[in-house]
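Here are a few notes to read alongside the model. Take them in order, and keep the 3D view open as you go.

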Amino acid sequence: MITVYLIDDHTVVRTGFRRLLESEGDIQITGEAGCGEDAYLECLKLKPDVIIADISMPGEGGLAFIRRLLRKDENAKVLVVSMHDDENFVSHAIQLGVKGYLSKSGDLDDLIEAVHAIGKGENWISPKIAQKIVYNKGAGVGSPVDLLTTREFEVFLLLSEGKSVNEIGLTLHISPKTVNVHRANILAKLKVKNTVQLAHIAVSMGILQSNYR
């Protein structure tokens with residue numbers, strides 16, 4: 001039996017995933033939450049075989065949650081299931097140590113296959129996303145934010161949403177001084193002068209959307 005913990009801020013999505021996965025017979029949902037903050041301690045306590053997490057969640061967001069969780073439990077197996085199939089989200093999630101990445105626009109069978117693979121200790125990435133990454137690398141297609149570290153990418157997203165330095169510090173569990181250092185590095189790397197211009201970059205790349213919180 002593969003135990004799974006679900007993290008997504010949409011109840012309908014969690015309900016759909018629960019019904020689909022439990023219909024397999026060899027998968028058991030041991031818990032669920034709507035954000036990383038609520039899931040963190042439960043995941044450490046329950047130690048499920050697979051943790052399914054979205055990236056676009058309220059509060060600290062998926063990347064920050066994954067970072068915190070894997071720092072505490074390096075054996076945790078996280079499968080990201082997200083509407084974001086942009087290479088930047090995928091690469092940063094993989095750098096943090098996730099075991100799989102699946103686009104919500106993919107087939108439902110892919111979710112079942114990914115859970116089974118990760119439950120057995122394998123890695124899994126959506127074929128659609130893998131093809132896109134391979135093609136972009138082969139074609140030399142780059143992104144303005146490729147130079148950002150994973151932590152800088154997290155700060156970049158929150159700055160683009162209009163969050164203040166203090167708000168970002170509280171959200172990511174780091175000091176305002178550290179946030180300011182990241183902010184300065186981000187502005188320098190992207191060659192812009194303010195957070196308004198950062199937001200324009202995020203929108204132009206399609207990674208800042210109205211339902212990203």
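1. A quick term before we start: "buried" here means a residue has under 20% relative accessible area. Keep in mind, too, that you're looking at a predicted model.

2. With that cut-off in hand, look at Phe89 and Phe153: both are buried. Across the whole protein, buried residues account for 50% of the 213 residues.

3. So how do we describe two rings sitting together? For a pair of aromatic rings, you give the distance of the centres and the angle of the planes. The count here is two aromatic pairs. In one of them, Phe89 meets Phe153 edge-to-face, with 5.2 Å from centre to centre and 80 degrees between the planes. That pair ties together distant parts of the chain, since Phe89 belongs to helix 4 (residues 87-96) and Phe153 to helix 7 (residues 150-160), 64 residues apart. Add Phe156 and you have one aromatic cluster of Phe89, Phe153 and Phe156.

4. Now zoom out. You should find 10 helices and six strands in the protein. Of the contacts between residues at least 6 apart in sequence, 68% join residues at least 24 apart.

5. What about overall shape? A compact globule of 213 residues would have a radius of gyration near 17 Å, and the protein's value is 17 Å, so the two agree. Along the principal axes, the C-alpha atoms fill a box of roughly 55 × 40 × 30 Å.

6. Last, the surface and the charges. About 10300 Å² is exposed, with carbon and sulfur atoms supplying 52% of it. The protein has 24 positive and 27 negative charges, and their mean positions are 8 Å apart.

How values were computed:
Residues are numbered from 1 along each chain as its sequence is written. This is a predicted model: local features need pLDDT of at least 70, side-chain atom pairs count only at pLDDT 80 or more; totals for chains, interfaces and linings use all residues. Side-chain values use heavy atoms; hydrogens and water are left out. Helices (H or I, at least four residues) and strands (E, at least two) are DSSP runs, numbered from the N terminus. The radius of gyration is taken over C-alpha atoms; the globule rule is 2.2 Å times the number of residues to the power 0.38. Buried means under 20% relative accessible area, exposed over 50%, partly exposed in between (1.4 Å probe, protein chains only). Contact means heavy atoms within 4.5 Å. Accessible areas come from the Shrake-Rupley method with a 1.4 Å probe; for residues, only the protein chains shown count as cover. Lys and Arg count as positive and Asp and Glu as negative; His and the chain ends are not counted. The place of a charge is taken as NZ of Lys, CZ of Arg, CG of Asp or CD of Glu. Rings of Phe, Tyr and Trp (its six-membered ring) pair if their centres lie within 6.5 Å; planes under 30 degrees apart count as stacked, over 60 as edge-to-face and the rest as tilted.
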